[in-house]
Amino acid sequence: MSGILPQALVVLEAMTAWMLATSSAVADAAASIGLHNEALTLGSSILLAAFLGALVLSLGKKDQAKVFISSEPISSESIDDLIEEDFRNMAMPHEPHLEGGFLPPTRLIHSNSLEAFDFDNENCSGQFLVLHRPTYDSKLDASGNYRYGDYFAGKKRLWEIRFRFHFKRRVSLTDLFFGAELEAYVPVNAATKRVMDLSVSGMRQVVGDRLYHTLGEATGDGEREQPAILLPLWAFDQFLETPEGETPPELTDPNLPTYGHKRVGQLREYKRLMDALDLRPGPTFTFCFWGVSRFCDVMTWQATGIPIFTPIDLNLYCGKPPLHLVMYTLNGDDEKRHLQSRKTYFFRVCFWSSLKRPDKDVVMKVAGQSLDLLKRRRKHLSNLPKAASQGLSLFGLNVFQCCVDRESAP
């Protein structure tokens with residue numbers, strides 16, 4: 001294995017240089033049709049930063065992250081364990097989906113919901129919605145016979161994330177960071193770090209000092225930094241400002257893509273408009289993000305879309321679920337690291353795929369009111385006749401299903 005890693009590094013560094021050079025050459029040619037070098041270079045750089053490091057890590061990593069699935073039944077008096085049926089009882093869908101919860105917790109949330117999920121903290125309130133193609137079933141995906149299937153028709157994106165923000169105090173764009181962070185340090189070898197540094201350097205040439213990337217800290221005195229990558233706000237693909245007193249479009253509105261401003265085809269103008277935003281109390285700010293989705297299948301928890309190198313298990317890159325999608329400001333000027341004690345969160349959600357759930361403690365931390373629903377459900381089932389919980393059938397129908405469904409409703 002020690003002999004493979006240096007050879008893989010040489011190949012990856014060569015590919016990195018080739019992809020960055022190619023993106024610049026293609027951008028020069030594309031300029032004549034209105035595309036921009038920044039957009040192409042940023043796209044290739046993001047791919048390198050996210051996935052090439054994962055390949056090298058996969059060559060040297062032996063231990064796989066644990067998938068949290070339990071098959072043993074649990075008692076109605078405790079929540080010492082969770083099984084698949086418990087997630088159904090907490091109103092999670094039967095089909096594979098994205099799953100997660102806000103911090104501070106409200107309830108478990110999931111992708112492709114009929115309505116957006118509300119969040120509220122001391123700095124910001126709003127709604128959040130995740131759309132995702134059924135990438136676990138290629139035939140279903142191709143058919144379009146699933147919720148939001150009409151929206152994804154003809155699009156290459158695998159998912160889309162939509163936000164609606166009501167800020168409770170004015171925020172400076174120069175102080176605001178948006179991106180992803182991990183819960184704990186993930187060890188990487190020297191080869192992986194070299195490739196990641198090279199890739200992030202390419203991204204920084206486009207984004208500038210507004211990009212912040214850290215592998216985190218495994219050891220050291222005092223508080224340690226967590227792994228994270230943060231981007232400027234113009235990394236969002238679409239935004240809309242709705243004046244105070246007017247009704248913003250719902251995040252589930254099929255016409256939402258026609259509102260506001262999009263980054264595609266007008267990167268410089270989009271950056272100018274975004275830099276002019278005044279994030280203040282009163283208006284409603286809507287943001288959508290999907291730009292790199294076709295290279296990251298969160299449903300199956302894999303990096304995708306790069307021939308030869310993918311698919312790659314995301315756990316090889318992030319350690320294990322969950323991932324945290326965050327927006328925060330930093331306090332203090334002397335310290336350069338993004339320490340937790342310096343962060344003021346405006347939005348924070350942790351998420352995972354239902355096909356690769358995290359440890360029980362993670363679920364419990366963000367489940368909020370869903371745990372109360374689960375407890376009521378368990379108590380209700382314990383009081384039903386035994387035939388109800390076992391599914392007594394009459395002509396193929398569970399005669400107690402109406403009781404079960406009524407208790408499960410949130």
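# Burial, pairing and packing in a predicted model

Visitor: What makes strand 16 (residues 343-353) largely enclosed by the rest of the structure?

Guide: In strand 16, 11 of the 11 residues are buried, so the strand is largely enclosed by the rest of the structure. Buried means under 20% relative accessible area, exposed over 50%, and partly exposed in between, with a 1.4 Å probe and protein chains only. Helices (H or I, at least four residues) and strands (E, at least two) are DSSP runs numbered from the N terminus. This is a predicted model, in which local features need pLDDT of at least 70 and side-chain atom pairs count only at pLDDT 80 or more, while totals for chains, interfaces and linings use all residues. Residues are numbered from 1 along each chain as its sequence is written, and side-chain values use heavy atoms, leaving out hydrogens and water.

Visitor: How do you know that strand 15 and strand 16 pair?

Guide: Two strands pair if DSSP finds at least two bridges between them. Strand 15 (residues 323-330) and strand 16 have eight bridges in the antiparallel sense, so the pairing criterion is met. Histidine 324 has cysteine 350 of strand 16 as its bridge partner. Strand 1 (residues 98-102) also pairs with strand 16, antiparallel, over five bridges, and leucine 98 is bridged to serine 353.

Visitor: Why is the pair of phenylalanine 167 and phenylalanine 285 called edge-to-face?

Guide: The structure holds 26 aromatic pairs. For phenylalanine 167 and phenylalanine 285, the ring centres are 5.8 Å apart and the planes stand at 65°, so the pair is edge-to-face. Rings of Phe, Tyr and Trp (its six-membered ring) pair if their centres lie within 6.5 Å; planes under 30 degrees apart count as stacked, over 60 as edge-to-face and the rest as tilted. Phenylalanine 167 belongs to strand 5 (residues 159-167) and phenylalanine 285 to strand 11 (residues 284-289), 118 residues apart. Both residues are buried.

Visitor: What makes the pair of phenylalanine 236 and phenylalanine 287 tilted?

Guide: The centres of these rings lie 4.8 Å apart and the planes are at 35°, so the pair is tilted. Phenylalanine 236 is in the loop between strand 8 (228-231) and strand 9 (238-242), and phenylalanine 287 is in strand 11, so the pair ties together parts 51 residues apart in sequence. Phenylalanine 236 has a relative accessible area of 0% and is buried; phenylalanine 287, at 1%, is buried as well.

Visitor: Why is serine 370 called buried?

Guide: Serine 370 has a relative accessible area of 3% and is therefore buried. This serine lies in helix 10 (residues 369-383). Leaving aside neighbours within four places in sequence, serine 370 is in contact (heavy atoms within 4.5 Å) with Met90, Arg107 and Leu108. Serine 370 and arginine 107 are 263 residues apart in sequence and 5.0 Å apart in space, C-alpha to C-alpha.

Visitor: Why are strand 3 and strand 10 said to stand at the edges?

Guide: Six strands form an open sheet in the order 3-4-5-11-9-10, with antiparallel pairing. Strand 3 (117-120) and strand 10 (261-262) each have a single partner strand, so one side of each is left without a neighbour in the sheet. Two bridges join strand 9 to strand 10; one of the residues involved, phenylalanine 239, has histidine 261 in strand 10 as its bridge partner.
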